[in-house]
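Open the model in your viewer and keep the selection panel at hand. The stops below go from one selection to the next.

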Amino acid sequence: MVKLSEEVEIIETKKVPTGATLLFAFPDVGLVGVIAASHLVDELGLTEVAHLDSNMLPPLIILHEGLPHSSIRIFAGQDTLLAISEVPIPTDMIYPIMDALIDWAKNKNVKMMISLSGMPIQDRQDVTELKSFAAASTAEALKTAQEKGLEILMEGYMVGPQAVVLQRAAQAGSPAITLLAQCFYNYPDPEAAAEVLKQLAKITGLKVNVAKLLEKGEEIRLRARDVMKRTQEEMSKMKKGQEYDIPMYVS
Amino acid sequence: MIDEYFQEMEKWADQVKETLSERPCWDLKTCAIEPLREITVKPTEVIVTVDLPYADKKTVRVEAADTSSLEISAEMKKKIRLTELGITHRQGVIQRFHAWIRIPVTVNMDKMKIEHKKGILEIKLPRKMPTHTRRKK
């Protein structure tokens, strides 16, 4: 058990690989990260190795096969760690939780952190070819993303857990990348999740077949309905809409 | 004093919103589920979108219930048991979508335009503009 602060602790239940790439997938626009991560867990056969506990979180557990599970869990494969939450993180808990996860990642000598998320666009239903973008914590990580053929999000605002990851990684001089696929703001978007996985493969080489994800699109949209609804409420509290704002950067 | 009044009002509005939202999205008596939807008010029109996965396009119905609300319904292509959605402690099926949507501004319901793309229903309602009377100097 690693106690990282008074509020948040990460409880390891199995051996955790060191020197891996850590992926973050939290409920956000279009649930892009969560849908993508859920597919990764299935396709790569990732296993749960740790979970997060905090008495500052709402008193909620997820029951699976009759047993309780934390809503924020960490899965692992050979060179991959994946932190996922199936319920939206309360806005006032984003900093303590992300700080705890980032400190834990440091203890595990994580080589890179990658957040999977979305970028909402107007009239998404009219768009067939989704674009995706990347933002990075350091000049080197930005260069890596560019060399791998990712389009860079040059200006703008970022709101949510992925913003904290980039901010903290930039402060520590460690590499982190956020991948953003164009998506619906308020509706679960499996197509955007497939797109973000294609971009992830370019950086990490983690190739997964997204055909199954696209085939199950309607089922995923229906099953994710309530998580999306709860996420909408939390996005409104964290002023997620600020990402639409015209940026004003003083240089 | 005025600030306190507005803070109280906001708190009350939040409480009402929470009370209203804390209920299941499905109704086993009618076998219906409430779809996710979004309303965008633009200068000349209101755009309502509704997420209808599994909906049979031919059965989608949009009706103006009155001058400021819409009733939307659609049958699903297949019946979905609650167990398929991971709800194992209740028995029942979901086979349709149903929603009432209140439009926040005055619109012309007769000129409603409907499209259904990628399982998203899009309804465009032109706004009724207030008639301004011009004063003579």
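Select Arg221(A) and Asp51(B) in this predicted model. The two form a salt bridge, with 2.6 Å between the closest N and O atoms. How many salt bridges does the rule find across the interface of chain B and chain A? There are four. Polar contacts across the interface of chain B and chain A come to 13 residue pairs, both residues being at pLDDT 80 or more.

Now colour the side of chain B that touches chain A by element. Two or more residues each come from β3 (37-41), β4 (45-51), β6 (69-81) and β9 (120-126) of chain B. Recoloured by class, that side of chain B shows 14 nonpolar, four polar and eleven charged residues.

Next, select the whole interface. On chain B, 29 residues are in contact with 24 residues of chain A. The two chains bury about 2,200 Å² between them, and carbon and sulfur atoms carry 49% of that area. Which residues of chain B lose the most area to chain A? Pick Leu36(B), Tyr54(B) and Lys118(B), which together account for 31% of what the chain B side buries.

Leave the interface list and go to the second largest pocket, which has a volume of about 410 Å³. To centre the view, select Leu153(A), Met154(A), Glu155(A), Gly156(A) and Tyr157(A), the closest to the pocket centre of the 16 lining residues. Then add β10 (132-136) and α3 (139-147) of chain A, each of which supplies at least two residues of the lining. By class, the lining has 13 nonpolar residues, two polar and one charged.

For the last stop, show salt bridges over all chains: a search of the whole structure finds 26. One to select is the pair Glu12(A) and Lys108(A), whose side chains meet at 3.0 Å, N to O. Glu12(A) sits in strand β2 (residues 8-12) of chain A, and Lys108(A) in the loop between α2 (94-107) and β9 (112-120) of chain A, so this salt bridge ties together parts that are 96 residues apart in sequence.

Definitions and conventions: Residues numbered from 1 in each chain as written. Chains lettered and ligands numbered in written order. Predicted model: local features only at pLDDT ≥ 70, side-chain atom pairs only at ≥ 80, totals over all residues. Heavy atoms only, no water. Contact = heavy atoms within 4.5 Å. Buried area = accessible area lost by both parts, 1.4 Å probe. Polar contact = N/O pair within 3.5 Å; in protein donor to acceptor, adjacent residues only side chain to side chain. Helix = DSSP H or I, 4+ residues; strand = E, 2+ residues; numbered from the N terminus. Nonpolar A, V, L, I, M, F, W, Y, C, P; charged D, E, K, R; others polar. 1 Å grid on protein atoms, 1.4 Å probe; cavity = no way out; pocket = protein on both sides within 12 Å on 5 of 7 lines; lining within 4 Å. Points joined across faces, edges and corners; volume = space filled by probe spheres on them.
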